[in-house]
Amino acid sequence: MKIPASAQAIYYQLQNLDAAAKNNTYTAEDDLFADLLQAQVAAGQRVIRAEEIVSKLDGAPDWSFMHEGSGAGSYSGKPNVAAQGSNVSIQAILDKIKTTARSHGVDEDLVREVVRAESNFNPYAVSGAGAKGLMQLMDRTAQAMHVRNVYDPEENLAGGTKYLKSLLERFDGNIGVALAAYNAGPTRVSSLGITTDEELKEKYALLPQETQRYVEKILNRL
C-alpha cells in the first residue's frame with residue numbers, strides 16, 4: 001500500500017500503537033496520542049500534521065488555533081449522534097465562551113483554555129474514554145449538569161462551565177486543584193489529600209502524567 005508522504009508520520013505512529021497493544025506496552029502518551037488522533041478523525045480531518053499532535057502532547061502553545069491554512073476556522077465533521085447543525089466557527093465558540101463564563105461567574109480565560117485543552121474548540125470531539133464535546137463531558141457529568149445534547153456548543157459549555165465552577169467552589173478557588181479534579185476526577189484528587197495549590201505542588205507526582213500535563217498546559221497559557 002502506498003502511503004502519502006503527508007500521512008506517513010501518522011501511519012507509522014499507528015503501527016507503533018498496534019505493536020504496543022500486542023506487547024501490552026501501552027504508555028499514558030500512547031493513550032493520549034490515540035485520543036487526539038480519534039478526535040481529529042471524528043472532526044473530519046483526513047491529514048494530520050505531526051507537529052499538531054506533538055504540540056498537544058507536550059502542552060506547547062496552540063498549533064492550529066486560528067492558524068492560516070490549517071482548516072481550524074470551523075468544524076463541520078461530526079458523529080452520527082449529532083446529525084443536524086451547520087458549521088460552527090471558532091469565533092462563534094469564543095463568543096459563546098465569553099457569554100457562558102460571565103453568566104456563571106467563571107473567568108473567561110480559564111474556560112477558554114479548558115476548552116482548548118479538552119477539545120481544541122471542536123464541538124464534536126469524542127475521546128477514547130467517551131468524553132464528548134467542547135468541554136469533554138462524560139455522560140454522568142453531562143446528566144448531572146442537565147446537558148441533553150453534549151454536541152450542542154451552548155449546552156456543553158453551560159454544563160462544563162457549571163461543573164468547573166463547582167470544582168472551584170469545592171476547592172476554595174484553587175485553580176490548579178480544580179483543573180486536576182476536572183481531568184482526573186475530584187474523588188481521586190481528594191483521596192490524595194490535595195485541597196490547595198500548595199499541596200498540589202507537593203503531591204504532583206502522585207497524579208497521572210496526563211493530569212500533570214493538563215494542569216501545566218492550562219496554567220502556562222493563563
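Let me start at one residue: M138 touches A129, G130 and A131, where residues up to four places away in sequence are not counted, and a contact here means heavy atoms within 4.5 Å. What you have in front of you is a predicted model, in which local features need pLDDT of at least 70 and side-chain atom pairs count only at pLDDT 80 or more, while totals for chains, interfaces and linings use all residues. Residues are numbered from 1 along each chain as its sequence is written, and side-chain values use heavy atoms, with hydrogens and water left out.

To stay with M138 for a moment, this residue lies in the loop between helix 5 (108–119) and helix 6 (139–144), where helices are DSSP runs of H or I with at least four residues, strands are runs of E with at least two, and both are numbered from the N terminus. M138 counts as partly exposed because its relative accessibility is 37%; buried means under 20% relative accessible area, exposed means over 50%, and partly exposed is what falls in between, with a 1.4 Å probe and protein chains only. From M138 to V126, the distance is 9.8 Å, C-alpha to C-alpha, and the two are 12 residues apart in sequence.

Now the chain as a whole. There are 11 helices and 2 strands, and read along the sequence they follow the pattern α-α-α-β-β-α-α-α-α-α-α-α-α. The chain has 222 residues, of which 44% count as buried, and among contacts between residues at least 6 apart in sequence, 46% join residues at least 24 apart. About 11800 Å² of the chain is exposed, with carbon and sulfur atoms supplying 48% of that area, as given by the Shrake-Rupley method with a 1.4 Å probe, where for residues only the protein chains shown count as cover.

Let me turn to the core. In soluble globular proteins, nonpolar side chains tend to be buried together. A nonpolar core is here a set of buried Ala, Val, Leu, Ile, Met, Phe, Trp, Tyr and Cys residues joined through side-chain atoms within 4.5 Å. Which residues touch the most other members of the largest nonpolar core? Of its 43 residues, they are V114, M135 and Y182. Helix 4, helix 5, helix 7 (153–170), helix 8 (175–184) and helix 11 (209–221) each supply at least two residues of this core, and helix 8 gives the most, with 6 residues. Leaving aside neighbours within four places in sequence, M135 has contacts that include V111, V114, N156, L157 and Y182.

Helix 4 deserves a closer look. Helix 4 covers residues 90–104, which is 15 residues, and reaches 21 Å from its first C-alpha to its last, close to the 21 Å expected at 1.5 Å a residue, that expected span being 1.5 Å times one less than the number of residues. Its buried residues are I90, I93, L94, I97, T100 and A101. Seen down the helix axis, these fall within an arc of 130°, so they line one face of helix 4; the arc is that of the directions from the helix axis to the C-beta atoms. On the other side of helix 4, T99, R102 and S103 are exposed.

Finally, some backbone angles. Most residues other than glycine have a negative phi. F121, which is found in the loop between helix 5 and helix 6, has a positive phi near 70°, and F121 counts as buried because its relative accessibility is 0%. Q136 lies in the loop between helix 5 and helix 6 and has a positive phi of about 50°, although it is not a glycine.
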